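Let's take a walk through this one together. Have a look at the sequence and the model first, and then we'll go from the overall layout down to single residues.

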Amino acid sequence: MQKIVYLSNSRDYTEQGDINENKYFTHVNGLLDDGWKVAHLTPLEIAVDNSEKPAHRETLVAFVLLEKTDEHK
């Protein structure tokens, strides 16, 4: 079985806390804990114009293909 998930670590200057508590990361980490494996990762950097008012300090997204063995075979 396969599924595609979306990750984003876009963070603004006001965000506090651990990056691993990001809603996208906690979801994928839960799937990995349930036995899903990363089959492919496609990272994309998003250009942000910070010339007038800096809004982001890091912007990266990724589409991740996860696989899990079907236990019902």
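**From the fold to the surface**

Residues 24 or more positions apart account for 64% of the contacts in the protein with a separation of 6 or more. Keep in mind that this is a predicted model.

So what are the pieces? There are five strands and one helix in the protein. Start at the N terminus and you'll read the elements off as β-β-α-β-β-β. The ends of the chain give a nice example of a long-range pair: methionine 1 and glutamate 71 sit 70 residues apart in sequence, yet their C-alpha atoms are 9.7 Å apart in space. Glutamate 71 belongs to the segment after strand 5, and it counts as exposed because its relative accessibility is 66%.

Now turn to the helix, which spans residues 23-33. Which of its residues are buried? In helix 1, that's Phe25, Val28 and Leu31. They share the same side of helix 1, because the arc they cover around the axis is only 125°. And what do the buried residues of helix 1 pack against? Their partners are strand 1, residues 2-8, and strand 5. Swing the view around to the face turned away from the buried side of helix 1, and you'll meet the exposed residues Lys23 and Asp33. Just after helix 1 comes glycine 35, with a positive phi of about 105°.

Strand 5 is worth a second visit. It covers residues 60-67, and phenylalanine 63 is in it. Is phenylalanine 63 buried, exposed or partly exposed? Partly exposed, because its relative accessibility is 39%, and the buried class stops at under 20% while the exposed class begins over 50%. Phenylalanine 63 also has company on the outside: together with Ile4, Tyr6, Leu44 and Ile46, Phe63 forms a nonpolar patch on the surface. Between them, these five residues have about 470 Å² of accessible area.

Let's zoom back out to finish. How much accessible surface does the protein have? The figure comes to about 5600 Å², and carbon and sulfur atoms hold 51% of that. As for the interior, 21% of the 73 residues in the protein are buried, and among them are the Phe25, Val28 and Leu31 you saw on helix 1.

Notes:
Residues numbered from 1 in each chain as written. Predicted model: local features only at pLDDT ≥ 70, side-chain atom pairs only at ≥ 80, totals over all residues. Heavy atoms only, no water. Patch = residues over 30% accessible without salt bridge, like charges linked within 9 Å, V, L, I, M, F, W, Y side chains within 5 Å. Areas by Shrake-Rupley, 256 points an atom, 1.4 Å probe, with all protein chains shown as cover. Salt bridge = Lys/Arg side-chain N within 4 Å of Asp/Glu carboxyl O. Helix = DSSP H or I, 4+ residues; strand = E, 2+ residues; numbered from the N terminus. Buried < 20%, exposed > 50% of the residue type's maximum accessible area, 1.4 Å probe, protein only. Contact = heavy atoms within 4.5 Å. Arc of directions from axis to C-beta.
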